[in-house]
Amino acid sequence: MKKIFKILIITIVTSITIASCTDVLDVKSSRVTYENDYRMSSPNDTTYAMEGIWHQLQKIADNYVLLGELRGELLDVTENSNLNLREINNFEITKSNPYAQINDYYSIINNCNYVIQYIDTAYTTKGQKVMYGYLAAIKSIRAWTYMQIALNFGTVKYYEKPILTEADAEAVDNYPDISMNELSDLLIADLTPLKDIKLSRFLWVKSFPIHFVLGDLYLWKGDGYYAKAATEYHDLMVADNYGINVYQSAWNLKNKVISVSSGFTTDWIYSFTSNYGETITQINCPTTFGQRFDLDSLNYNYQLTSSTIAINNWDTQIYHNTALDYISGDLRKYGSIIDKKYVSINNGNITAMITPTNSTTKNIIWKYLAYDHNVLVYRSSLLYLRYAEAVNRLGKPNLAFAVLKNGLRSATMGTPSIVPLKEKSTEKYMDFSDRQFDFNVGIRWRGLGPKLKDPNFRVLTLGDCDSTFVIKEQTGGLNDSILYVEDLIQKELSLETAFEGNRFHDLMRFAIRRNDPAYLADKVAEKHPDNKAVITEKLMHRENWYIKK
Amino acid sequence: MKKIKNIVRVNGIFFCFKSYCSMLVCVFCLSTNVLKAENKNTDKEDKKLVIGLVRDAHTKQPINAAQITVLDNSISATTNEKGIFKLNVRSKNEILVVSAFDYNVRQISSQSKDSIVIDLYSDVFSNYFDKIDVLAGSANNLTLVPTAKNVNDFSKSQAISADELLQSELGGDVRAISRSGVAGMGASLFIRGFNSLNANAQPLFVVDGVIMNNLYDVESIHGGFFSNPLNDIDVSDIESITVMKDGASIYGSKAANGVVLINTKRGKGMVTKITVNVLTGRTTQPNTIPVMNAGEFRTYASDLIGTSGLTNSQIANFSFLQDDRSKSTYNTYHNNTNWANGIYQTGVTNSYSINAKGGDEKALYYFSLGYTGVKGVVKSNDMQRVNARFNADFNMSRLFAMGLNIGFTSIDRKLTDDGVNSYTSPTWLSMIKSPYLSPYNYTSTGSKTSELAYSDELGIGNPQAIVDKYSNLIRQYSFNVSWIPTFHFTPNLTLSSQFDFNLNKTAEDYYSPMFYAAKRMIDGVGYAENTHTNQIMRNTAIFDDTRLKYTKQFDRYNQINAILGCRYLSNYYESDYIEGHNSGSNSSTNLPGSFDSKFFKVIGVNNWTKSISNYINVDYSFDNRYYLSLATSVDGSSRFGNQTKGGFSMFGNSWGVFPSANAAWLVTSEKFMRHVEFINHLKLRVGYGVTGNDNIEDYATQTYFSTVRQNTFDNGIILTNIANPTIQWETTYRKNAGIDIGLFNERISLSFDYFSGVTKNLLTLKSQPDVSGLGVYWSNGGELSNNGYEFSSNFKLLNFKSLKWELGLSVGHYENKILSLPLVNGVTDYNTPVYGGEVRTAVGQPAGVFYGYKTNGVYATEADAANANLKILNQNGSYSYFKAGDVRFVDGDKNGNKDGVIDANDKQIIGNPNPKLYGNISSKISYKKLTLSTLFTYSYGNDVYNYQRSQLESGTDYSNQSTVMLSRWTAEGQNTSQPKAVFGDPMGNASFSDRWIEDGSYLRLKTVTLSYAIPIKSNFIEGFSIWISANNLVTFTKYLGSDPEFSTRNSVLFQGVDAGLVPLSKSYYVGLKLNL
């Protein structure tokens, strides 16, 4: 009996020992990559990681547009709109709203953190330390994403090391919540050393230029940082040759009469279609291989439309105030919206008639059709308008105004009636002498429709453009002028960059800067005629500007 | 936080140990006491002579040449012509095994008697005393300790796969629910309730000792189809199927849902035996819910158009509304088509198999070949199966033997989508397609052509075109080979190892043609006109089970059988899927070349799982009275984290311990029972066991990255999982008490089992902290219980010379209850969407209950509706009030608060898919060479969500409706139970409510078989029998759907949902069996 037990015990011990060697239970998968096998060990890993991050960005591309615009006064819901869109529109976003899932943002951050942790910046090819470009691109994506969290949700949990276990996740979850202001300091410190790194062609357009992100961060910081903001925006104009010059809309005059039905070109709309020179940053949103992108179908199904405010904004603009050529309206309207009946769908591809029309029964957003499976985040006009916003607050309202009306180039800068001597200074950001700026025109000027391409028609001169559009001498002096021009910039943003995703946050920034919640509340409440008092009351409290976490 | 965790962990282990140890101690004390008490007496008598008479139970005539042995065959005797035998037994409690030609074996305790009379029953009756295959090998039913049920007669079965047999043969022991009427689809199986919520709840299949991957979570690309690996085994190759319900701890972390052992036939004797089975069958067109005819539908559709908000000119564009005979389209829109006729046909089944067995002293073999061909009841559906099997046992020497098993099966199917699918399921389209249309086009002059029509103006495809134009294929191959070397070190000690390699491959191809099927909107992508998908799946398993077996009879009382073993399973599953849409034509359909890249999709899965189980099983018996069976396994798996709460850590892995103890007392061996003559056998059983469910996601314990597509063709890598080192198996603790009893000279045998189980550490989805960016993850938490009983009985009602009648009845019952659930986002209870309805998982409720609105008829008048004053919240924030003709929903949340608004707060539990009772009733009457077998199956008290009917009575779109909708509300004051038809259903009248919940109870005459053994006296032919059989002849049920027996999926939360798969229908078979 004892012998038997001995045998039993010996065999059980041996069998457990043999069977339990540590690697006997290890499994591998060729479908996934284990963390400890990855770690950016080859340069290709970084490229794959970069593509992965772009893929993740697509998840918040819809959010960027919908949260930025539906909460503003320009984009509106329709009778077709689903509950998620209505929640956003009414500032009643619930936890389940797919366009306000905070973990979609953090997933980008965590992936960025992982690459930043392991990226091999010492790697050189052809004598170039190429990985610095990736590092810059990924850090700017991370910064921009953090900024989106802070702007949409009020605060962020800031972490720079990747979360790789459940324990890590719990630890980070206990970090303090930090505000946009504190976040800005951290991000500025993080980005500044990398801001002059040139990006390769591969990273171009798909990443966020550090100058732009820094400029925005300084702009949000406000007083004391406007010069830095202006410098960053200016640096970007110079470094990557961004101007306002190519795509100009025009009214056609026939027999000295402008015919609305057929008489205009709207080349302006090409300034924000993909792969043209004025695009600074876009998020690619293909639907191949099962990837989601809702904006197209929401738009096509008339779940989104332009508000009457947006249409009014354009319709009340005056192009040329002479008895002969007086016409009201802004050609950017026709690049921004289109009647749904002119849009059709074939084999899943949306096609729209290229000629915009003046019909306004069921408007959908032309810009989204033009995006063609991309979401435009930054483009030249926005860069110049942000520059204007910064220099205006530096006490240079005339310079800022010139961005709208005249265009920044050496000729404008040298005309004291446009940029008075008292606003001229020697800072780098005041320098528009380079040839690259020579063709710059005013943002408003080209969008309203000044230039006539057909030589048979009368060519208007620059000065003819809307003679009523002037910077008025304000009784209160410089401060009043600044506020006046800031209002014009705010208005111009609504005409030029409507529906692009920045509206609500722009209004937030202006309202915070002026310490005047009504500046935002009144404008947005205007969109809710049936519910105006409730919305105003809600938005008078700053905490309601943010999505409840 | 950490401390609490540790305490929990210690407690967990401690609990396991405590219960296990206390049981061990109890059993041990019991047996040692007995040992002491008995030792004094037994030493006195060494051998005892038993004299017996063996006779026929009916005629009471002695049986000559009956064999009498004891259980271990150590002594034996034969009766003389007077039926008398004499046997010197070692113990006065010896169990005698009596067998004779043409009779069933009988086992009887000698009960210290000197003389004994043993009546034998004809082998026409079923045999209680058969050998039964259990986990540790072959065992004796009378002395078996754990609960196990066995089937071993498949001679007249028309079943295509083994799971179909479980239902008919073990109705009360296994809740087996046929999936659909498609051949070989098998059944969803639940043993002793639902032992999981989110993980696999199907039993473990062990085929010839090898663990089979049941591929329970593998989705086919063909709607409504299941890949059923049991279909790879030809039923005529099966020797026995055993269902193990407890004492299965040697399969530890895989055994929580019970174990089904399937053993194929092997050569047993040296005589060459050849068996030929042939059968042919016809399956009739199934019953479907009756739908409206052309006139009725035209009225309905025009009613509905009036509510659709279209303008008059738009309405005028609908061709079917135009009644002008002179129009060229008149004929197109004035047919009366019964679409079902073009879809269904009489199904045909043919099956042939031949097997041979035999051998010599050196080797025994079994070889079989089989073919099964099925033409489905739905056109374009068929199946061909070819299978071959070779099992051999080589006796190399006295010390060394070698087993070899080889199996190969190939299955080819053609099939169409099944179930409620408004685009491509011909069965469903045949119900909803407008009957005024024809399958064929008309010319401009109005004459009919033979070309098939495209999808119609109402957006519904042509079902007949779909059955004609589809070319959907599945090819499955499975191959396995096993070596089983066995070393007999001593007569008592054996070492064997079973090494098995198993390959399963499935290739699926699917094409849905454009024009004939309607366009479909793919969310976030666009309209798809045609679809081509393809999927290749491969499962490779390497298995090894090495066992050291020790058997010893120590003295005349104490016997031990011990097994020490180690099992290793490496399972690799890979699947690759590709999908394309919009190739622009039905002729250019190459994947990937022809399709629009915008819709293109390629995904796949690689899952590699390794598991190890070290196990020990000790069976001890004392004096044929007391039996004890102890088993423990120590399991590790690549799926377990290395910091699990329920296990211990060793070699960097976490190991779970799964002990079980079962004890039995054969009361009829006791001396005091010798005078209780009407009880022939009585056995009491108790058991307690811990088992696990290791069906958790692969790689959950690892931090890993996956590939994604970016910008059409670029590859990106993103973090998709962060390590959860605590994830572990679900643990089931189950108690069992049972009694087996044979009465009145074994005329009646009864078996009753009570069980009570708790499953802890349920696999549940939890939310990650937002900062990880990953959403949800699998974790352990929550408990559920299953309590119930199983009863089975067998009555030998008539036992005359020529006429014999045997009746069987089985009943199963379980009560499932969720005891606790982890807090996720502050709540425990949650709803899962299922086919437009919702299933609630809530503490205190059974799993799978339906959750929706209660209704109370239809408002007959506007005044009624105005009185009720109920409304719903619209998407745009406004309210709509219920009007006459709308459903009267019951207002009131769970606290009874009526707020006047019908919304999610008013939902409540409206049905329970768990039956109160289920089982079967079988009868076998034989008269001379004729045998009539009848089998009823039943289920009582289960609710069904009739999804199919909910679609046919929704009245919301232009699909044809059931004839019940003829009584829909149409006029003020009309009292009816059917609400009005309104396009788009703005008031939600058709939403998930008790209108769609029905009583699914049924009693079904499942099979009737009449067989005749042809008396051929020939040297060549040993036996020849023919049989005819009918299935599903009569069903008693109140269920309004096509058929009350269905199982849409085998996961727990999808039970009782009738998704409209092809129902079972009547079928008739003729078969013959020839033994050479």
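These legends walk through several close-up views of a predicted model with chains A and B.

**View 1. Where chain A meets chain B.** In this part of the predicted model, 72 residues of chain A are in contact with 75 residues of chain B. Together the two chains bury about 6400 Å² between them, and 60% of that sits on carbon and sulfur atoms. If you go hunting for salt bridges across the interface of chain A and chain B, the rule finds zero. What you do get is nine residue pairs in polar contact between chain A and chain B, with both partners at pLDDT 80 or more. On the chain A side, the elements that each supply at least two residues to the face touching chain B include α1 (2-19), β1 (32-34), α3 (43-70) and α5 (102-118). Sorted by class, that side of chain A has 29 nonpolar, 29 polar and 14 charged residues.

**View 2. A strand from each chain, side by side.** Here β1(A) is joined to strand β35 (residues 704-710) of chain B by three bridges. The two strands run antiparallel. To get your bearings, pick out Val32(A), which stands opposite Ser706(B) in β35(B).

**View 3. Asn103(A) up against chain B.** Asn103(A) is part of helix α5 of chain A. Setting aside neighbours within four places in sequence, Asn103(A) is in contact with Asp770(B), Gly773(B), Leu774(B) and Gly775(B). Is Asn103(A) buried or exposed? The relative accessible area of Asn103(A) is 13%, so this residue counts as buried.

**View 4. Helix α16 of chain A under cover.** Helix α16 (residues 397-405) of chain A is mostly covered, with nine of its nine residues buried. That list includes Pro397(A) and Asn398(A) at one end and Leu404(A) and Lys405(A) at the other. What covers the buried residues of α16(A)? The cover includes α15 (380-393), α17 (410-413), α18 (443-448) and α19 (478-496), also from chain A. Just after α16(A), look for Gly407(A), which takes a positive phi of about 95 degrees.

**View 5. Helix α20 of chain A, another wrapped-up helix.** Helix α20 (residues 503-513) of chain A has 10 of its 11 residues buried, so the rest of the structure largely encloses it. Among the buried residues of α20(A) are Arg503(A), His505(A), Asp506(A), Arg509(A) and Arg513(A), alongside Phe504(A), Leu507(A), Met508(A) and Phe510(A). Just after α20(A), Asn515(A) takes a positive phi of about 50 degrees.

**View 6. Two loop residues with positive phi.** Val205(A) has a positive phi of about 70 degrees, although it is not a glycine. You'll find Val205(A) in the loop between α8 (180-191) and α9 (210-221) of chain A. With a relative accessibility of 17%, Val205(A) counts as buried. Over in chain B, Asp102(B) is not a glycine either, and has a positive phi of about 75 degrees. Asp102(B) lies in the loop between β5 (95-99) and β6 (106-109) of chain B. The relative accessible area of Asp102(B) is 46%, so this residue is partly exposed.

**View 7. Strand β34 of chain B and its two partners.** Strand β34 (residues 679-693) of chain B is mostly covered, and 13 of its 15 residues are buried. Strand β33 (residues 653-666) of chain B runs antiparallel to β34(B), joined to it by seven bridges. A handy landmark for that pairing is Ala663(B), which stands opposite Val686(B) in β34(B). β34(B) also pairs with strand β37 (residues 730-743) of chain B, again in the antiparallel sense, over 14 bridges. There, look for Thr691(B) opposite Thr732(B) in β37(B).

**View 8. Strands β29, β30 and β31 of chain B.** Strand β29 (residues 558-581) and strand β30 (residues 601-622) of chain B pair in the antiparallel sense. How many bridges do they share? The count for β29(B) and β30(B) is 22 bridges. Within this pairing, Tyr573(B) stands opposite Asn607(B) in β30(B). β30(B) goes on to pair with strand β31 (residues 626-637) of chain B, also antiparallel, over 12 bridges. In that second pairing, Ser613(B) stands opposite Asp635(B) in β31(B). β30(B) and β31(B) form a hairpin with three residues between them. One residue to spot in the turn is Asp623(B), with a positive phi of about 55 degrees.

Definitions and conventions: Residues are numbered from 1 along each chain as its sequence is written. Chains are lettered from A and ligands numbered from 1 in the order in which they are written. This is a predicted model: local features need pLDDT of at least 70, side-chain atom pairs count only at pLDDT 80 or more; totals for chains, interfaces and linings use all residues. Side-chain values use heavy atoms; hydrogens and water are left out. Contact means heavy atoms within 4.5 Å. Buried area is the accessible area (1.4 Å probe) that two parts lose on being put together, summed over both. A salt bridge is a side-chain nitrogen of Lys or Arg within 4 Å of a carboxyl oxygen of Asp or Glu. A polar contact is a pair of N or O atoms within 3.5 Å; within protein, one must be able to donate a hydrogen and the other to accept it, and residues adjacent in sequence count only if both atoms are side-chain atoms. Helices (H or I, at least four residues) and strands (E, at least two) are DSSP runs, numbered from the N terminus. Ala, Val, Leu, Ile, Met, Phe, Trp, Tyr, Cys and Pro count as nonpolar, Asp, Glu, Lys and Arg as charged, and the others, Gly among them, as polar. Two strands pair if DSSP finds at least two bridges between them. Buried means under 20% relative accessible area, exposed over 50%, partly exposed in between (1.4 Å probe, protein chains only).
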